[in-house]
Amino acid sequence: MWNVLTLSLLVVATLGYPNYKPLIPNGFSVPNPCGNGFWRGVGHLAEGGTGPLNPFGADFAANGHVWDRALCMGDSDGDGKTNGEELGDAHCHWTVDNPKHLSSASGHPGICDPIGSAACAGSVFKC
């Protein structure tokens, strides 16, 4: 019994809140600004999705966990690209119910990238 309970808690802690990923464009394929692969916890500073929220995560939460034109046109991480541009929805047409008009994600909306660039000089995030 304890083994099942422990395993269940570990699974929940590891997965975080994967139910938010389908609520943003390309939520399952946001590039990892620290290397190869994808950033699993898009709204968090930690790649795995735990701990403090990054600026996009804070904006997404403040917006009621809804992707809309305002969040799409915002630049949560201050890198000069809109959240929509980074997530492949440059024209803000994507919705949960109509996931068309989507390009591949080109950046991370909550972590200024490329890390170390002039545009990200004020960012305190480190890989």
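Student: What is the torsion about the S-S bond of Cys-34 and Cys-127, and which hand does the disulfide have?

Tutor: Happy to start there, keeping in mind that this is a predicted model. A disulfide joins Cys-34 to Cys-127, with an S to S distance of 2.1 Å. The torsion about that S-S bond is about -85°, so the disulfide is left-handed.

Student: Which parts of the chain does the pair of Cys-34 and Cys-127 tie together, and how many residues apart are they in sequence?

Tutor: Cys-34 lies in the loop between α1 and α2, whereas Cys-127 lies in the segment after α4. The disulfide between Cys-34 and Cys-127 therefore ties together parts whose separation in sequence is 93 residues.

Student: Is Cys-127 buried or exposed?

Tutor: Let's take its partner along for the reasoning. Cys-34 has 34% relative accessibility and counts as partly exposed. Exposed requires over 50%, and Cys-127, at 63% relative accessibility, counts as exposed.

Student: Where do Cys-72 and Cys-92 lie, and how many residues apart are the parts they tie together?

Tutor: The sulfur atoms of Cys-72 and Cys-92 are 2.1 Å apart and form a disulfide. With -90° about the S-S bond, this link is left-handed. Cys-72 lies in helix α3 (residues 69-73) and Cys-92 in the segment after α4, so the pair ties together parts separated in sequence by 20 residues.

Student: What is the relative accessible area of Cys-92?

Tutor: Buried means under 20% relative accessible area. Cys-72 counts as buried at 0% relative accessibility. Cys-92 is buried too, and its relative accessible area is 15%.

Student: What pattern do the disulfides of the protein chain follow?

Tutor: The structure holds 3 disulfides, one of them formed by Cys-112 and Cys-120 with sulfur atoms 2.1 Å apart. Cys-112 and Cys-120 are both buried, and the torsion about their S-S bond is about -85°, so this disulfide is left-handed. Counting bonded cysteines along the chain, the pattern is 1-6, 2-3, 4-5.

Student: Let's turn to the rings. Are the rings of Trp-39 and Phe-125 stacked or edge-to-face?

Tutor: The structure holds 4 aromatic pairs, and Trp-39 with Phe-125 is one of them. Their ring centres are 6.1 Å apart and the planes meet at 70°. Planes over 60 degrees apart count as edge-to-face, so the pair of Trp-39 and Phe-125 is edge-to-face.

Student: How many residues apart are Trp-39 and Phe-125?

Tutor: Trp-39 sits in the loop between α1 (2-15) and α2 (55-62), and Phe-125 in the segment after α4 (83-86). Both residues are buried. Their ring pair links distant parts of the chain, 86 residues apart.

Student: Are the rings of Phe-56 and Phe-60 stacked or edge-to-face?

Tutor: Phe-56 and Phe-60 are 4 residues apart in helix α2, which puts about one helical turn between them. Phe-56 is buried with a relative accessible area of 1%, and Phe-60 is buried with 6%. The ring centres are 6.0 Å apart and the planes lie at 10°, so the pair is stacked.

Student: Which residues do ring pairs link into a cluster?

Tutor: We have just met two of the members, Phe-56 and Phe-60. The ring pairs link them with two further residues, giving a cluster of Phe-56, Phe-60, Tyr-20 and Trp-67.

Student: To zoom out, what pattern does the protein chain follow along the sequence?

Tutor: The protein chain has 4 helices and 0 strands. Read along the sequence, the pattern is α-α-α-α.

Definitions and conventions: Residues numbered from 1 in each chain as written. Predicted model: local features only at pLDDT ≥ 70, side-chain atom pairs only at ≥ 80, totals over all residues. Heavy atoms only, no water. Helix = DSSP H or I, 4+ residues; strand = E, 2+ residues; numbered from the N terminus. Phe/Tyr/Trp six-rings, centres within 6.5 Å; stacked < 30°, edge-to-face > 60°. Buried < 20%, exposed > 50% of the residue type's maximum accessible area, 1.4 Å probe, protein only. Disulfide = S-S within 2.5 Å.
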